[in-house]
Amino acid sequence: MVAKEKQLQNINWDKLTFSITPTRSMYEAHCEIDGEWDEGKLVSYGNVSMSPAAGVLNYGQGIFEGMKAYRSAKNRVVLFRPEKNALRAATSAERVCIPPVPKKMFIDACKQIVRDNIDYVPPRGKGSLYLRPVIWGTGPVLGVAPAPSYTFLVYVSPVGPYFKSGVKCLNLRITNQFHRAAPKGTGGHKVIGNYAASLFPRKLVKKAGFDDAIYVNAANEKFIEELGSANLFAIKDNVLMTPSLDGSILPGITRDSVLIIARDLLHMEVRERSIEIKDFLCADEVFCSGTAVVVTPVGKITTNNAATTINKNKIGPITEKIRKLLLDIQREEIEDPFGWIHPIN
Ligand code: PLP
Ligand code: COI
């Protein structure tokens with residue numbers, strides 16, 4: 001309640017990048033393996049302490065989420081579809097034997113932490129407050145087994161664009177040197193190990209001058225999957241296509257929102273299906289989607305054989321429309337036709 005009247009922090013909002021700025025507080029809750037989550041509370045933002053034998057530290061027993069709070073045109077701070085993050089956190093948790101956090105508790109925690117750090121939410125149009133809910137096995141465990149106890153934590157940071165280039169077109173490299181996910185593996189869940197595995201491939205493609213790597217399917221390397229931190233879309237002859245969710249692709253909340261916006265607001269044909277690399281390279285427009293990247297156009301794609309320029313390395317007209325509609329809904333510049341906005345109050 002008091003939070004709403006807090007003066008904005010003295011931060012250079014024009015220089016925000018996708019990096020950590022420490023804030024006032026974080027939310028923390030605990031649970032034993034077969035027990036219930038305790039009530040949870042806000043604590044000062046800072047280092048966390050846990051056993052060196054913690055499940056998360058030794059065996060990667062952890063999951064996370066990514067969300068954003070915006071200052072909207074209605075002069076309030078809002079969250080975007082937090083119930084979807086709550087649901088995905090619960091299914092990711094189940095995959096690595098972490099007790100799921102109930103949906104109401106998850107959303108309440110997110111709202112509490114934004115309210116307490118409301119003065120860190122950037123001014124309208126200058127970025128957002130990124131929320132990072134994590135659930136970790138923090139109890140000690142020596143053999144490979146679920147940890148005896150768990151921590152649910154939400155920390156926040158004001159952020160700007162994910163890619164240094166902002167919304168300039170990305171230059172991507174299709175890799176078949178590495179796979180992000182195996183069939184029936186953990187690719188469809190937001191488990192922390194997926195991200196550790198993406199660091200080295202990303203380092204190599206960045207060293208070669210690309211913005212990021214595009215992963216292909218592990219079984220036969222014929223089909224496009226996604227980036228290490230975003231989903232992929234192609235537009236051909238006014239049809240919007242994205243790889244179907246077959247278990248190795250993360251079910252992105254932005255992905256789902258883009259499909260709905262294209263179908264219901266732009267009246268486009270949308271297809272979720274396997275996309276062969278060769279078809280992807282023939283697209284009229286390509287973009288990636290995610291909470292951190294929002295909708296970012298792709299201008300160049302390089303395979304082992306050749307580099308293909310998409311839409312003359314410019315953001316395409318449909319990508320631009322989808323990006324604008326998404327941001328307009330998220331920032332309440334237009335009425336939210338889908339009930340996606342949750343005000344912080
Ligand atoms: N794919 C991966 C591997 C991701 O890490 C993310 C980011 O969360 C996404 C896709 C996009 O998901 P969302 O739109 O829910 O942020
Ligand atoms: C997000 O888009 O929120 C993500 O979690 C992707 C990345 C920063 C890991």
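Where is the place of G66? In this predicted model, G66 sits in the loop that runs between β3 and β4. With a relative accessibility of 4%, below the 20% cut-off, G66 counts as buried. Setting aside neighbours within four places in sequence, the contacts of G66 are N85, Y130, L131, P133, K190 and T291. One of these partners, P133, is 67 residues away along the chain, yet the C-alpha atoms of G66 and P133 are separated by 6.8 Å.

That loop offers a handy way into the arrangement of the domains. The domain assignment divides the protein chain into domain 1, covering 13–159, and domain 2, covering 170–330. Between the C-alpha centres of the two domains the distance is 26 Å. The contact between them involves 22 residues of domain 1 and 22 residues of domain 2. The size of an interface is often given as the accessible area lost when the parts come together. Here, domain 1 and domain 2 bury about 1800 Å² between them, and carbon and sulfur atoms account for 64% of that area. On the side of domain 1, F64, F80 and R88 together supply 35% of the area buried against domain 2, more than any other three residues.

Turning to polar interactions, 2 salt bridges are counted between domain 1 and domain 2. R81 forms a salt bridge with D256, where the closest N and O atoms are 2.9 Å apart. Across the interface of the two domains, 9 residue pairs are found in polar contact, with both residues at pLDDT 80 or more. As for secondary structure, the elements giving two or more residues to the side of domain 1 that touches domain 2 are β3 (62–64), β4 (67–71), β5 (77–80) and α2 (82–95). Among these, α2 gives the most, with 6 residues. Sorted by class, this side of domain 1 comprises 10 nonpolar, 6 polar and 6 charged residues.

What, then, of a residue in helix α4, such as K203? This helix spans residues 192–207, and K203 counts as exposed because its relative accessibility is 54%, over the 50% cut-off. K203 and E94 are 109 residues apart in sequence, and their C-alpha atoms lie 30 Å apart in space. To set the two residues side by side, G66 is buried at 4% relative accessibility, whereas K203 is exposed at 54%.

Methods
Residues are numbered from 1 along each chain as its sequence is written. Chains are lettered from A and ligands numbered from 1 in the order in which they are written. This is a predicted model: local features need pLDDT of at least 70, side-chain atom pairs count only at pLDDT 80 or more; totals for chains, interfaces and linings use all residues. Side-chain values use heavy atoms; hydrogens and water are left out. Domain bounds come from an automatic or database domain assignment. Contact means heavy atoms within 4.5 Å. Buried area is the accessible area (1.4 Å probe) that two parts lose on being put together, summed over both. A salt bridge is a side-chain nitrogen of Lys or Arg within 4 Å of a carboxyl oxygen of Asp or Glu. A polar contact is a pair of N or O atoms within 3.5 Å; within protein, one must be able to donate a hydrogen and the other to accept it, and residues adjacent in sequence count only if both atoms are side-chain atoms. Helices (H or I, at least four residues) and strands (E, at least two) are DSSP runs, numbered from the N terminus. Ala, Val, Leu, Ile, Met, Phe, Trp, Tyr, Cys and Pro count as nonpolar, Asp, Glu, Lys and Arg as charged, and the others, Gly among them, as polar. Buried means under 20% relative accessible area, exposed over 50%, partly exposed in between (1.4 Å probe, protein chains only).
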